[in-house]
Amino acid sequence: MAASAICLALIAYATLARLAGRPALMGHHEAYWVVVIERFSAYGLLGFLFSFLLPGRFIWACALVVAVAMGLEVLQALTPDRDPGVLDVLQKAAGGTVGVILAQTILAFLPRPPS
């Protein structure tokens, strides 16, 4: 639960911070494919962690990741030097969904405790 909250807080900071204060992997003039990988990976990790919070609830975990992506993108419109985009949301939602699928696959193969 703590890992999910920390991951969400870091994603929210990176999404809503002013451009000068935004963390960057390779500098502020990085190639577009690096930005896509950053988005996909961050939301993939978030989806992975949400999936462990909601084991067996694939739809809920995916919906939560997509809602976070859409919500932060809408809030990004309120920041003067940031520009929200539909393609950004799609990249983030795809990363989150892949993370959820990966975690749900892992959870399916883990032994269940006796009840």
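I started at the surface and found a nonpolar patch of about 440 Å², made by Tyr32, Val86, Leu87 and Leu90. A reminder to myself: this is a predicted model.

Next I asked which helix gives the largest share of the nonpolar patch. That is α4, residues 86-109, with 3 residues. I then looked up tyrosine 32 and found its place in helix α2, which covers residues 32-53. Is tyrosine 32 buried or exposed, or something in between? I noted 47% relative accessibility, so tyrosine 32 counts as partly exposed.

On to α4 itself. I counted 24 residues in α4 and a reach of 35 Å from its first C-alpha to its last. The value expected at 1.5 Å a residue is 34 Å, so I wrote down "close".

Then I checked which residues of α4 are buried, and the list includes Asp88, Val89, Gln91, Lys92, Gly95, Gly96 and Gly99. Further along α4, Val100, Ala103, Gln104 and Leu107 are also among the buried ones. Where do the buried residues of α4 pack? I have them against α1 (2-16), α2 and α3 (58-76).

My last stop was arginine 39, which lies in helix α2. Arginine 39 has 17% relative accessibility; the cut-off for buried is under 20%, so arginine 39 counts as buried. What does arginine 39 touch, leaving out residues up to four places away in sequence? I listed Tyr32, Asp88, Gln91 and Lys92. Tyr32 brought me back to the nonpolar patch, while Asp88, Gln91 and Lys92 are on my buried list for α4.

Definitions and conventions:
Residues numbered from 1 in each chain as written. Predicted model: local features only at pLDDT ≥ 70, side-chain atom pairs only at ≥ 80, totals over all residues. Heavy atoms only, no water. Patch = residues over 30% accessible without salt bridge, like charges linked within 9 Å, V, L, I, M, F, W, Y side chains within 5 Å. Areas by Shrake-Rupley, 256 points an atom, 1.4 Å probe, with all protein chains shown as cover. Salt bridge = Lys/Arg side-chain N within 4 Å of Asp/Glu carboxyl O. Helix = DSSP H or I, 4+ residues; strand = E, 2+ residues; numbered from the N terminus. Buried < 20%, exposed > 50% of the residue type's maximum accessible area, 1.4 Å probe, protein only. Contact = heavy atoms within 4.5 Å.
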